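Open your viewer and keep the selection panel at hand. We will go from whole chain to single residue, one stop at a time.

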Amino acid sequence: MFHLKRALAALFVTSTLFAGSAYAETLKIAYIDPLSGAFANVGEAGLKQFQFVIDDINKRNLTGGPKLEIVGFDNKVSPKESLNVLKNVIDQGIRVITQGNSSGVAGVLIDAVNKHNERNPDKSILYLNYAAVDPDFTNSKCSFWHFRFDANSDMKMEAMTNFMAKDPKIKKVYLINQNYSFGQAVSRAAKADLKRKRPDIQIVGDDLHPIGQVKDFAPYVAKIKASGADVVITGNWGNDISLLIKAAKDAGLDTPFYTYYGGGLGAMTAMGDAGVGKVKQITEWHSNVHPNKTEKFANAFNAKYGGPPQHLTFYYLRVNNQMYMLAKAIKETKSIDPKKLAYKLEGMKFAGDEGEVEMRATDHQLIQPLYISTVAEAYHDPKNPKTAKFKGKDKEVKYDVEDSGLGFKTDARIDAYVTAQPTSCQMKRP
Amino acid sequence: MEFFLISMLNSVSYGLLLFMLSSGLTIIFSMMGVLNFAHASFYMIGAYFAYQLSGWLGFWPALVCAPLLVGIVGMAVERYGLRTVHKYGHVAELLFTFGLAYLIEEAVHLIWGRSSVPYVIPPSLEGAAFTLFSTDYPLYRVFMMVVSVSMLIGIYLTLTRSRIGLVIQAALTHPQTVETLGHNVPRVFMLVFGGGSALAGLAGVIGGNAFITEPGMAAAVGPIVFVVVVVGGMGSLAGAFLASLLIGTLQTFSVALDYSFADLLAKLGISIGPDTPLAALWDLTIAQTGPVLPYLLMVLMLIFRPKGILGTREG
């Protein structure tokens, strides 16, 4: 008992000592995402990307002082669990959090961070969102403490439907999405956008299925088949996209898929050759963009984390943008105080690999260029032994994803200013 | 017509997988009276064993070895765990298996990590078995059905035609008599538990690569297995078979039904707008409620026919 008391006292002394230093040596960032359960693979891959870019920032001292450190916290993609995790994070004195998987989680985190910061203005939390794309977060629910580095779902749908509207062969569209705020937003935006741009297009299906629960998508594929759809639109991610595309492949479904996350982890491996020319995605980057300023960085990442068992490939350019912008904010404010950082990030312009991006001050939505791309066979270069397994003839498809022999080929690049949309955000600043 | 036939095939193959999962549970329950909460965990370790073994030996040896290994684990659990807590009654057994499920999940985390493992269908079973109208039917699903049906026949023959099956049946109703005749009744129970676990393991070998092998897979199928056993009738193998097919059909076809209460009321001339009280509830389609339908069925079954479809026990 005596020893325990002494140990506790020592712990108390050290913790107060550390809490006292205003410009600490290390800025810890809590990564709150699934590290167990059905979406653990996605969460782990994201964590590795953060680790990699942070290593780069620390090596080049982009913050001008403090080292960054990422700490993984498992929220099991559960909103309830995320609140417990947030409490734990706050108790550990971590003041910057980042999260991306599931807008359901992001919604409760925004509320919780707002409440916490209102009650504890001197211990406020900064929330960097790298992937949760429910449009509400930068509209009706917008918060001074929340910054989104991914294009929101409405921006992506606008770009996607612009592209679709040009194809006169599309007459019937089928929507299949996960039944929660994000999936519903995709479905709503698709219906509204298509009605406006191509009133002749018929929506022949609008399915919302439980997220992460469906193991067998065969019934849905049978339904898509029966509907006679020309195109399927889906915002599914994680195993929900892999299993959906796998089921479509097994049933020999020939319909093109317009996806948000068709190049996400595991999806390419699941679809295999069946996806060629059929599966499209909308992203801020893919490995065969041209010119490709991220090439060297992505190759270094793939060299470190690629290979068995998961065959990871670099995916989130937005994670780089997010962390470089945070580093820039730290350097320019010479501070790691969340409030100062938030004011610095507002309106920040940053020369990203894909051109200038801007963190719009009115709603904290990053405005960045987007790409629509299609799955294609990677180019077989007779002179390069690394491409021995590739079958493609198109030089543009230089790299494959997850050692699948398949990569993406750009259909269209959408400039940053084109993707921007008006916002209804009424930002309250402290 | 095409949709109906394909959906019918999908229902049957999904139902047969459910049967593989639940048959072990129902056998163990009917013979030993133990409600094994860790049953789905044996399904999960079956998938993981198969993943590991197929890396070393290939898929076909793994198909045989993995369930046997799971059976051995099951027997060890019975011999050194369940048998010890047996004397404290059924509640102790129940709690034991409940805790065991958590232990197995953590063990899987420690050994194989928290993420999914790339356990894939072998190339020889890839591709389409046949094409119905214009839809391909995957070979692997046919394989699943064949394994499941042969398992059903195998269990039936073992229990009714073989010597060990007769001893098992006798040991259930007259354990003392069987013991007097020189049979080792505790060993019979151990075999039954091991056999039941091996069946779950076999389902894991087949289901793991058809879907996804990850640490959450036990928790995902755990509840549905109990639904099958309750609806089919506690301890009735034939009942579990019928219930599996029924639930498979229910889940597959419910996906296709985009009807909601609002549509029904609209037919009666009552319109539901976004301002109507409980609008979200009225707009819910059958397709969206599909995942909870089996549980609804279970609740209704418990209310109106507690012994299940073919169960013999009342309540």
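What radius of gyration would a compact globule of 430 residues have, and what does chain A have? Keep in mind as you look that this is a predicted model. For 430 residues, a compact globule would come out near 22 Å, and chain A agrees because its own radius of gyration is 22 Å.

**Stop 1: all of chain A.** Select chain A and show it as a cartoon. Along the principal axes, its C-alpha atoms fill a box of roughly 70 × 50 × 45 Å. You will be looking at 13 helices and 15 strands. Of the 430 residues in chain A, 53% count as buried. Contacts in this chain often join distant parts of the sequence: among those with a separation of 6 or more, 70% are between residues 24 or more positions apart.

**Stop 2: the two domains.** Now colour residues 23-151 and 316-367 of chain A as domain 1, then residues 154-283 and 370-414 as domain 2, following the domain assignment. Taken over C-alpha atoms, the centres of domain 1 and domain 2 of chain A are separated by 28 Å. Where they touch, 13 residues of domain 1 of chain A are in contact with 13 residues of domain 2 of chain A. On the domain 1 side, look for H2 and helix H4 (103-119) of chain A, each of which supplies at least two residues. That side of domain 1 has eight nonpolar, four polar and one charged residues.

**Stop 3: strand S10 of chain A.** Select residues 279-283 of chain A. Is this strand largely enclosed or left open by the rest of the structure? Five of the five residues of S10(A) are buried, so the strand is largely enclosed. Turn the view to check both faces: A:Val279, A:Gln281 and A:Thr283 lie on one side, A:Lys280 and A:Ile282 on the other, and all are buried.

Next, add the strands that S10(A) pairs with. Strand S9 (residues 257-259) of chain A pairs with S10(A) in the parallel sense, over three bridges. To see one of these partnerships, pick A:Tyr258, whose bridge partner in S10(A) is A:Lys280. Strand S14 (residues 370-377) of chain A pairs with S10(A) in the antiparallel sense, over four bridges. Here, pick A:Ile282 and find A:Ile372 of S14(A) opposite.

**Stop 4: where chain A meets chain B.** Show both chains. Across this interface, 27 residues of chain A are in contact with 28 residues of chain B. On the chain A side, helix H2 (40-60), strand S7 (202-209), helix H7 (218-227) and helix H8 (239-250) each supply at least two residues. Highlight H7(A), which gives the largest share, seven residues. Colour this side of chain A by class, and you have 13 nonpolar, seven polar and seven charged residues.

**Stop 5: a helix and a loop in chain B.** Select residues 185-210 of chain B, which form helix H8. At 1.5 Å a residue, its 26 residues should span 38 Å, and the end C-alpha atoms agree, being 38 Å apart. H8(B) is mostly covered, with 22 of its 26 residues buried.

Finish at B:Thr285, in the loop between helix H12 (279-283) and helix H13 (286-289) of chain B. B:Thr285 has 18 other C-beta atoms within 10 Å and is partly exposed. Beyond its neighbours within four places in sequence, B:Thr285 is in contact with B:Asp258, B:Tyr259 and B:Ser260. For a last distance label, try B:Thr285 to B:Tyr137: they are 148 residues apart in sequence and 28 Å apart in space, C-alpha to C-alpha.

Note on methods. Residues are numbered from 1 along each chain as its sequence is written. Chains are lettered from A and ligands numbered from 1 in the order in which they are written. This is a predicted model: local features need pLDDT of at least 70, side-chain atom pairs count only at pLDDT 80 or more; totals for chains, interfaces and linings use all residues. A residue is buried if 20 or more other C-beta atoms lie within 10 Å of its own, exposed if 12 or fewer, and partly exposed in between; C-beta atoms are placed from the backbone. Two strands pair if DSSP finds at least two bridges between them. The radius of gyration is taken over C-alpha atoms; the globule rule is 2.2 Å times the number of residues to the power 0.38. Two residues are in contact if their C-beta atoms, placed from the backbone, lie within 7 Å. The expected span of a helix is 1.5 Å times one less than its number of residues. Ala, Val, Leu, Ile, Met, Phe, Trp, Tyr, Cys and Pro count as nonpolar, Asp, Glu, Lys and Arg as charged, and the others, Gly among them, as polar. Domain bounds come from an automatic or database domain assignment.
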